[in-house]
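Thanks for coming. I'll take a few minutes to walk through one structure, and you can follow along on the screen.

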Amino acid sequence: MDCFCAKSGKKRQVTIEDLARHLGISKATVSLALNNSPLVAETTKARVMETAKEFGYRPNYFGTRLSKGKSDVIGLYILGGEKEKCNWTLPSSWMFYNPILKAVSTELAMHDYRCNFGVISVEEATKQGTISWMIQEGSLDGMLLVVQDDIDYSFLDVAEERQFPFVVLNAKVSDNISSVKVNNDLGARKMVDHLLRQQHRRIAYLGGPEMDSNAIERRDGFIKTMSEAGIAPCPELIQYGDWQRSSGWKAASDFMSLDEPPTAIFCGNDHMAIGAMQRLQEAGLRVPYDVSVVGYDDTEMCQIVVPRLTTVRQPLEQMGTLGAREVLRQIDEESTTATHTNLEPELVVRDSSISITHEPKIVS
């Protein structure tokens with residue numbers, strides 16, 4: 001059996017030219033056979049297909065596009081959670097996803113591309129091969145995938161193997177697949193620096209789900225910035241929520257029942273911060289005079305609640321726009337060379353955080 005290797009000695013992707021050379025027939029005949037052309041004898045088709053399978057041949061995206069034309073459709077999918085528990089439609093999640101999806105669809109429409117939108121569970125992607133099938137099926141010109149979970153993304157290797165235009169939004173999952181994300185570590189650092197400048201030293205942190213990539217980056221940014229300031233984060237002051245208001249309510253109750261409660265609570269998103277403020281106000285504490293509370297995302301609710309919420313603004317529309325432009329670049333240039341963009345978030349200081357003036361009250 002032939003071995004198709006690059007000069008480095010590593011196995012390379014098999015081409016139509018390799019198959020033609022092995023079979024002793026023309027590249028045109030191999031191409032026609034792979035596309036089930038009636039111009040090729042059935043026995044020849046069978047030989048070509050058998051050899052292609054034997055050597056693991058996978059058609060190149062751009063070659064297929066030249067022979068079949070383009071669909072003018074780009075897939076835009078959210079990957080998240082378990083099939084029966086995916087919570088992307090919950091208010092906290094939708095406020096995050098909506099600006100991204102709106103920007104992507106707007107940018108693609110400006111270039112006469114239609115969006116095929118859907119939600120794919122982790123199980124469907126990893127075990128059922130849904131994304132791999134859509135890439136190889138040939139009805140899409142490219143794909144953008146919005147991810148949130150810190151999982152093994154090797155199921156996306158097919159995009160690189162097929163040289164298929166592909167962009168991941170909200171995380172970097174591979175050096176070889178383009179990505180556009182927000183620098184969550186930097187956003188958390190900016191918020192902690194803000195609280196430290198206000199003389200807070202005992203700062204509680206409520207993060208998102210432990211397997212969420214955004215939550216991991218924000219937690220790491222919090223811990224590193226506190227440590228660099230010479231403050232060892234206390235385990236009792238770090239909790240994990242589910243991005244919903246209820247987990248903020250519960251965490252605030254737990255934090256303020258400690259013998260030495262925090263003077264500030266940093267929540268990993270705005271919904272949890274609002275839940276924390278509600279619990280503190282129910283307990284008779286004044287935000288920010290007794291306890292400062294800050295969030296992350298800068299959703300519309302930040303300016304509706306009282307006091308208005310100090311938070312971190314994410315350039316989500318920019319993420320969507322740049323992601324769409326990157327997949328279009330790959331299509332236009334017929335190049336899937338990966339690019340990676342890490343956008344800078346902005347600290348937005350409002351009324352819910354203030355310098356320490358006196359000891360906070362303790363919930364009885």
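**Around M277 and the core**

Let me start with one side of the picture. Leaving aside residues up to four places away in sequence, M277 is in contact with V287, V293, V305, P307, L309 and S352. Before going on, I should say that this is a predicted model.

M277 is also part of a larger group. The largest nonpolar core has 25 residues, and those that touch the most other members are F255, I265, C267, M277, L280 and V293. Which elements give two or more residues to this core? They are β6, residues 203–207; α11, residues 245–256; β8, residues 264–267; and α12. The largest share, six residues, comes from α12.

**Two cis peptide bonds**

Two of the contacts of M277 that I listed, V287 and P307, come up again here. V287 is joined to P288 by a cis peptide bond, with omega at about 10°. P288 sits in the loop between α12, residues 270–282, and β9. A second cis peptide bond joins V306 to P307, and its omega is about -5°. P307 is in the loop between β9 and β10.

**Salt bridges**

Now the charged side chains. How many salt bridges does the structure hold? The count is 21. I'll go through three of them and then a network.

Take D297 and R218, whose side chains form a salt bridge at 3.8 Å, N to O. This pair connects distant parts of the chain, 79 residues apart: D297 is in the loop between β9, residues 292–294, and β10, residues 311–313, while R218 is in helix α10, residues 213–228. Are these two buried or exposed? D297 has 12% relative accessibility, so it counts as buried. R218 is buried as well, with a relative accessible area of 2%.

The next pair is R350 and D298, with a salt bridge of 2.9 Å, N to O, between their side chains. Here too distant parts of the chain are linked, 52 residues apart, with R350 in the segment after β12, residues 346–348, and D298 in the loop between β9 and β10. Both R350 and D298 are buried.

The third pair is D290 and R286, where the salt bridge is 3.4 Å, N to O. Where the two partners stand on accessibility is a separate matter. D290 is buried, at a relative accessible area of 3%. R286, at 42% relative accessibility, counts as partly exposed, because the cut-off for buried is under 20%.

As for the network, D185, R189, K224 and E228 are joined into one by salt bridges that share partners.

**Positive phi angles**

Back to D298 for a moment. D298 is not a glycine, yet its phi is positive, about 60°. As I said, D298 lies in the loop between β9 and β10. Its relative accessible area is 17%, and with the cut-off for buried at under 20%, D298 is therefore buried.

E334 is another residue other than glycine with a positive phi, in this case near 50°. E334 is found in the loop between α13, residues 316–333, and β11, residues 340–343. Is E334 buried or partly exposed? With a relative accessible area of 41%, E334 is partly exposed.

**Helix α1 and its neighbours**

Last, the start of the chain. In helix α1, residues 16–23, the buried residues are D18, L19, A20 and L23. What do they pack against? They pack against α2, residues 27–34, and α3, residues 42–55. Just after α1 comes G24, with a positive phi of about 75°.

For α1 and α3 there is also a geometry to give. In general, two packed helices are described by the angle between their axes and the distance between the axes. The axes of α1 and α3 come within 11 Å and cross at roughly 120°. At that angle, α1 is oblique to α3. The crossing of α1 past α3 is right-handed. On the α1 side the contact is made by L19, H22 and L23, and on the α3 side by R47, V48, T51, A52 and F55. Of these, L19 and L23 were also listed as buried in α1.

That's what I have; questions are welcome.

Definitions and conventions: Residues numbered from 1 in each chain as written. Predicted model: local features only at pLDDT ≥ 70, side-chain atom pairs only at ≥ 80, totals over all residues. Heavy atoms only, no water. Salt bridge = Lys/Arg side-chain N within 4 Å of Asp/Glu carboxyl O. Helix = DSSP H or I, 4+ residues; strand = E, 2+ residues; numbered from the N terminus. Buried < 20%, exposed > 50% of the residue type's maximum accessible area, 1.4 Å probe, protein only. Contact = heavy atoms within 4.5 Å. Core = buried A, V, L, I, M, F, W, Y, C linked by side-chain atoms within 4.5 Å. Axes fitted to C-alpha atoms, helices over the stretch in contact; angles between N-to-C directions. Parallel < 35°, antiparallel > 145°, perpendicular 65-115°, else oblique. Left-handed = near helix turned anticlockwise from the far one by under 90°.
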